[in-house]
Amino acid sequence: MPIITAVEAKSRWVKFVYLCIYIVLTLGALTMIYPMMLMLSGSVKSETDIITMDPIPKFLFNDNILYKKYLENKFGGQIALYQQAYKNDSKAWRMIPIHRQIKNPKLARLYDEFKKANSRNDWQYLGFGQSPSRLAFRNVRGFRKFLEHYFGSLEKLNDTFETAYNSFLEIYPVNETEMMSRRYRPAMTEFYKLFVKYKMSRPDDERLFVDLDGYYQHMYLKPVYATIKKYNKTHKTNYKSFFEIYLTSKPPKNPTQRKDWEKFVRGELNLVYIRLDKNQANKFRAFLKDRYHNIKTVNKLYGTNYKKFSDIPFPTTMPKNAIIATDWDLFIQRAADLNAISVYGPRQAFEAYLKKAGYKFSGHDIMTQARINADAADFNRTEKAFKWECLKINYQTVLDYILLHGRGVYNTIIYCSLLIIAQLMVNPLAAYAMSRYKLPSTYKILLFCMATMAFPPAVTMIPAFLLLRKLHLLNTFAALILPAMANGYWIFLLKGFFDSLPQELYEAADIDGATEWKKFWVITMSLSKPVLAVVALQAFTIAYANFMAALIIIPDQKMWTLMIWLYQLQTFSHQAVIYAALCLAAIPTFLVFLFAQGIIMRGIVVPVEK
């Protein structure tokens, strides 16, 4: 049996200690890496998966989650529109069921053909649009670029629309969530016309048909009856959910359902989807005569030249003239025969299209089935591109805000550069003077410098602001740099480092007749690069991360630095966008440290070598 000597035992013990140190350091590194990975993961998420805390986003390898994100994007984050279109009661995007299988490819193909043949603006709303959570989906960014390309400059856009936008990032597409409501009557402004032009220029899979049935179920029946049990009791029916109750083209025969239908169509449904029979013409003219009494009044309002009320043409669909449309609306509400009113929307047109194509179906849920199959086909076709879009969308939002909003990047570069130069001049000069010239009060000065560290920056902020205001330096770079150019800790640290430099170098320089400036610059500063790199890195960090002082001292937006703009972004952005902003904000500091670490590491080695 081998005998273990004391030297070997000591060597093994040292190795064990080293192993424990490496384990502790590794665990410490992991505690830093894991939160960073959570931040990076959160920066590429949306409402679908933001609630989950995972270091690697699951949508990268889970197509079901990716499909949920696709639907969230497609419906513009509007869960109500999804509920109406898919006949589903899910309250959040992460809870929606998966319908990725294309069970009926023929139906999906016919649906796509129908969409191409029916490109009506008032039947479709823009997908991938404005999100309630302020996520800038595809067509939010696309619409801004469209306006920027169309006008060329923000000034021209503001002059045309008589607005005061500070950036294209403040512009959002028209909100079309109430498109099926009677209250939705957008003014035909230049902005709306350009929005429609952009919307209709998008591919078919980026526009979605309105769902009158879902709107009727979700926005009328549910608020009125609350539960399907109450509805069944009132109507003497046996439905399992509200989504089984469709908005029929003509009034139902059931008396109670007929009342629901009448109240909804006469007072709630957008006029675009209402038709009137021709046999209501005389009744409509009588209504106008009773309302205006004189044909001259009608001509004055309508801008026409009718001789008598019988000359007024009868519109079976909503008139384009706003005044005539108002009268048509009142006629539907008050005088039109109920049986002469009918509903005609995308579902009715799609059913007629399928019959013409020879496709056999039963029930009114055919459009819902077609939409589900078509959306699954669109997702399968664009899956890779959409995954990449998920990875970049939040970062693109932050970059657009940073680069196009104010002069944050420019101001930050100037501020950081000036503060680094100022600290690398003032602190070394003060430390050099105390190191080279043995002043009687050197240690009192050092004690005073160190005492400044006892006061937090917040304490000095108010007197500094008052002093800078009295000197008329607010809204200038001088206001940011002057209070921070001298630092007691760095003077103390540099003085100690300068004291460690060989005095023989200065004696040799004196013999050669070198000036004091040359001794400072050539000898002291050249040999102090490692510690100066630490000073520069700290100066950059202070300037780059400065938020509160910069916000108080620089109230003018034109002088705001990057941190202030990022704070403004966080006040109205989604949590995932905030994560992306923090990740991007950390990159400059990381790069500066990466480039300076070689000099900093030499600072650790140099004192040992000496």
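Trainee: What makes the radius of gyration of the protein worth setting against that of a compact globule of 610 residues?

Mentor: In this predicted model, the protein has a radius of gyration of 36 Å, whereas a compact globule of 610 residues would have one near 25 Å. The C-alpha atoms, taken along the principal axes, fill a box of roughly 115 × 85 × 40 Å.

Trainee: Why is Ala-349 called buried or exposed, whichever of the two applies?

Mentor: Ala-349 has a relative accessible area of 7%, and buried means under 20%, so Ala-349 is called buried. Its place is in helix α14, which covers residues 346-356, and buried residues make up 45% of the 610 residues in the protein.

Trainee: Which residues is Ala-349 in contact with, leaving aside its neighbours within four places in sequence?

Mentor: Contact means heavy atoms within 4.5 Å, and, with those neighbours left aside, Ala-349 is in contact with Phe-114, Trp-123 and Tyr-344. Asn-118 is 231 residues away from Ala-349 in sequence, yet the two are 8.9 Å apart in space, C-alpha to C-alpha.

Trainee: How many of the contacts in the protein with a separation of 6 or more come from residues 24 or more positions apart?

Mentor: Such residues account for 73% of the contacts with a separation of 6 or more.

Trainee: What helices and strands does the protein have, and what charged side chains?

Mentor: The protein has 26 helices and four strands. Its side chains include 78 positive and 48 negative ones, and the centres of these two sets lie 6 Å apart.

Technical notes:
Residues are numbered from 1 along each chain as its sequence is written. This is a predicted model: local features need pLDDT of at least 70, side-chain atom pairs count only at pLDDT 80 or more; totals for chains, interfaces and linings use all residues. Side-chain values use heavy atoms; hydrogens and water are left out. Helices (H or I, at least four residues) and strands (E, at least two) are DSSP runs, numbered from the N terminus. The radius of gyration is taken over C-alpha atoms; the globule rule is 2.2 Å times the number of residues to the power 0.38. Buried means under 20% relative accessible area, exposed over 50%, partly exposed in between (1.4 Å probe, protein chains only). Lys and Arg count as positive and Asp and Glu as negative; His and the chain ends are not counted. The place of a charge is taken as NZ of Lys, CZ of Arg, CG of Asp or CD of Glu.
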